[in-house]
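Got a few minutes and a structure viewer open? Here are some exercises on how the domains of a complex sit against one another, each with a worked solution.

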Amino acid sequence: MRWGLDDVTVRLGGRVAIIGVTLPVEPASVTVVVGGDGAGKSTCLRALVGLVGVEEGSVRRPSKSKIGYVPATAGLYADLTVDENVAFSATAYGLSGAELKGRAGRILGLVGLDGVRDRLGGQLSGGMQRKLAVGMALVHSPELLVLDEPTTGVDPVSRAELWRLISRAGAEGTAVVVATTYVNEAARGSAAMLLEEGRVLISGAPEGIVGEVPGTLGRVRGVSQPTAMSWRRGADWRVWAPTGDLPPGVTRVDPDLEDAAVIAALASEMAVSS
Amino acid sequence: MWAMVTKEFRQLRRDRRTLAMMIVLPVLLLVVFGDAASFSVKEIPTIVVGPRAELVAPLLHAPFQVVAVDVDGTESTAKQRLLVGAAVVGVVTRDSGVLVLLDGTQVFSVQTAESALARNARTPGEAGFTAAAVRVQILYNPSLTTSWVMVPGLAGLILVFIGTLITSLGVVRERQSGTLEQLAVMPFRPWDVIIGKIVPYLMVAALDLAVIIVVGMAVFHVPFVGNVATFLLGAALFLLVTLGMGVLISTVSQNQGQAIQLAFMILLPQVLLSGLIFPVASMAAGVRWISYVLPLTYFIRISRGVMLKGTPISALWQPIGLLAVLAVGVLGLAILRFRRDLAPNLRGTAEQGAGLLEGANP
């Protein structure tokens, strides 16, 4: 493991926020941390960048000058222009002169904000603000890029553009970690980790996660819930049979990441209750 | 409607600061206006010098409070005592008559003293002097111009305003927008952030101070007879205290509303109890103690002393020393608290089993 968390437990205000979390973050990869509100995603990321101390386990991170971090909040100065925001970030990371200008220009082109360089950060749309924040975190070509929910509350077009930026950073060799509440976004990464109540439910490469789903998954159309282990998915019901035997009338389907996440949660509940 | 009332009370109960302000503020105002807000001075520190000092001193009744009697003293002795602020009234007795020196920077004390002297003049003969033999001389501010004493004080008030309110708002804005968290991850040392955050406000406040003094001198003809360096030293120390309070407020405020509330609670007593408007000497003993912990009280002593009287630094060691202590204490505490926000991974990392492989570069 190059960077990441190794069996980390974090306690915040007496409450355990994450427990025994291992999150490997490799260079030239995008790791997606998925979970609902309060699952511990932000705590994982904050522990990774050193914003919270860990109670147990160890953290591997590069020096501060090689980290790019965008918190879940804005991550930019609303009363500075786009140009000034990028310049601040670049200067903070030790860039100056022609190098600063060159990098800032390239980043603004990359995030598609070249045409609004004189606009105040606060006057940008939500999607543009997030793109600017990601651009600011990328301006110094960090080794580790940590993004806390960059796509939450962002329109679909901007979300696609953000993911294009994130994938590009990964492809250029950066170790990227992205937290998100959207399960379908896990498929965009090279590795995913699903968190619930501070614990890791499942982790690994997306295809590996899907391939290792226990039991059998089926699909059936109907009004009422067919079994206790079933959930709505569009017009259909998904039915999960932990033992592998699907009820009659249920068609077998291959699970995707969303199904895998629900099944992992159900399996975890079963393990707790048994 | 009842639902609204219940909701409002519940919210109010959670908002402890507003509740505190609603309760503390009326009490403070009551105390101040009931007890402290008085222009009539009850005690005026008086020094009596000259060959007949021992004869004259017992004849001085309230409001004169004789703090020293010096038979060998001369007019210059008395002036020196007034210059360093040891007394407001200097009575110089001579064989030929009495010279009463008054410290014109203490406008209300002087007005009270003048009317007391006028009363005394109606009962002449005491101590063998006729009223005609009593000569009164007001020093430093002969025409008792209010603006002369207000400008040095207002300079302090404006420094409090910028230092405390504007600084706290600036830091809280950073916290509220979440950028403070980002700064903590950037390759800044906590000192870089703290100093980088404070210096612009320090510079603006210094510029403001210069403007106030220059405008005061040009428009209101306020004199500046003392040493500029002494004044600057006092102003710098005072500014550090106010900036420290600003940062301190920001570390205990989650949003700008809370910061304004707290800054207001710190500003108000300084306006009312520092001697800016009401003389400290006229306050009741209990209230006077509050004024003694307010930094503006000491800055006003320095600024009025240096600007109007030319008080030397040797006579101002007490307010300068106290401001220095306050500066170190308040700014130190503020920086410690602010640092905790900027280097949170240093907090509580001593737990067993916690390992941090920062900067590992295999």
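Keep in mind throughout that this is a predicted model.

**Exercise 1. Find which salt bridge joins domain 2 of chain B and domain 3 of chain B.**

Step 1: Start with the count, which is one salt bridge between these two domains.

Step 2: Get the bounds. Chain B splits into domain 1 (2–36), domain 2 (44–139) and domain 3 (146–356).

Step 3: Look for a charged pair with one partner in each range. The side chains of B:Asp103 and B:Lys309 form a salt bridge, 2.8 Å from N to O. Residue 103 falls within 44–139 and residue 309 within 146–356, and there's your pair.

**Exercise 2. Describe the side of domain 2 of chain B that touches domain 3 of chain B.**

Step 1: Place the two domains. Their C-alpha centres are 38 Å apart, and each of the two gives nine residues to the contact.

Step 2: Put an area on it. About 750 Å² is buried between domain 2 of chain B and domain 3 of chain B, with 69% of that on carbon and sulfur atoms.

Step 3: Pick out the big contributors. On the domain 2 side, B:Leu83, B:Thr105 and B:Phe108 lose the most area to domain 3 of chain B, and together they make up 63% of what that side buries.

Step 4: Add the polar part. The interface has three residue pairs in polar contact. On the domain 2 side, helix 4 (75–83) and helix 5 (107–121) of chain B are the elements that give two or more residues.

Step 5: Sort that side by residue type: five nonpolar, three polar and one charged.

**Exercise 3. Now chain A: which element gives the most to the side of domain 1 of chain A that touches domain 2 of chain A?**

Step 1: Check the bounds. Domain 1 of chain A comes in two pieces, 1–62 + 144–204, while domain 2 covers 72–142 and domain 3 covers 208–273.

Step 2: List the candidates. Strand 6 (144–148) and helix 5 (156–171) of chain A are the elements giving two or more residues to that side.

Step 3: Choose. Helix 5 of chain A gives the most, with seven residues.

Step 4: See who does the burying. A:Leu145, A:Leu162 and A:Leu165 of domain 1 lose the most area to domain 2 of chain A, together 34% of what that side buries. By its number, A:Leu145 belongs to strand 6, and A:Leu162 and A:Leu165 to helix 5.

**Exercise 4. Work out the size and the polar links of the interface of domain 1 of chain A and domain 2 of chain A.**

Step 1: The C-alpha centres of these domains are 23 Å apart. Domain 1 of chain A gives 16 residues to the contact and domain 2 of chain A gives eleven.

Step 2: The two bury about 1200 Å² between them, 65% of it on carbon and sulfur atoms.

Step 3: Count the links: one salt bridge and five residue pairs in polar contact. The salt bridge is A:Glu161 with A:Lys131, whose closest N and O atoms are 2.4 Å apart.

**Exercise 5. Where in chain B is the pLDDT below 50?**

Step 1: Begin with the average. Chain B has a mean pLDDT of 82, and 90% of its residues reach 70 or more.

Step 2: Find the low stretch, residues 346–362. Beyond near neighbours in sequence, that stretch has 37 contacts in the model.

Step 3: Finish with the whole complex, for which the predictor gives an ipTM of 0.85 and a pTM of 0.79.

Technical notes:
Residues are numbered from 1 along each chain as its sequence is written. Chains are lettered from A and ligands numbered from 1 in the order in which they are written. This is a predicted model: local features need pLDDT of at least 70, side-chain atom pairs count only at pLDDT 80 or more; totals for chains, interfaces and linings use all residues. Side-chain values use heavy atoms; hydrogens and water are left out. pLDDT is the predictor's confidence in each residue, from 0 to 100. Contact means heavy atoms within 4.5 Å. Domain bounds come from an automatic or database domain assignment. Buried area is the accessible area (1.4 Å probe) that two parts lose on being put together, summed over both. A salt bridge is a side-chain nitrogen of Lys or Arg within 4 Å of a carboxyl oxygen of Asp or Glu. A polar contact is a pair of N or O atoms within 3.5 Å; within protein, one must be able to donate a hydrogen and the other to accept it, and residues adjacent in sequence count only if both atoms are side-chain atoms. Helices (H or I, at least four residues) and strands (E, at least two) are DSSP runs, numbered from the N terminus. Ala, Val, Leu, Ile, Met, Phe, Trp, Tyr, Cys and Pro count as nonpolar, Asp, Glu, Lys and Arg as charged, and the others, Gly among them, as polar.
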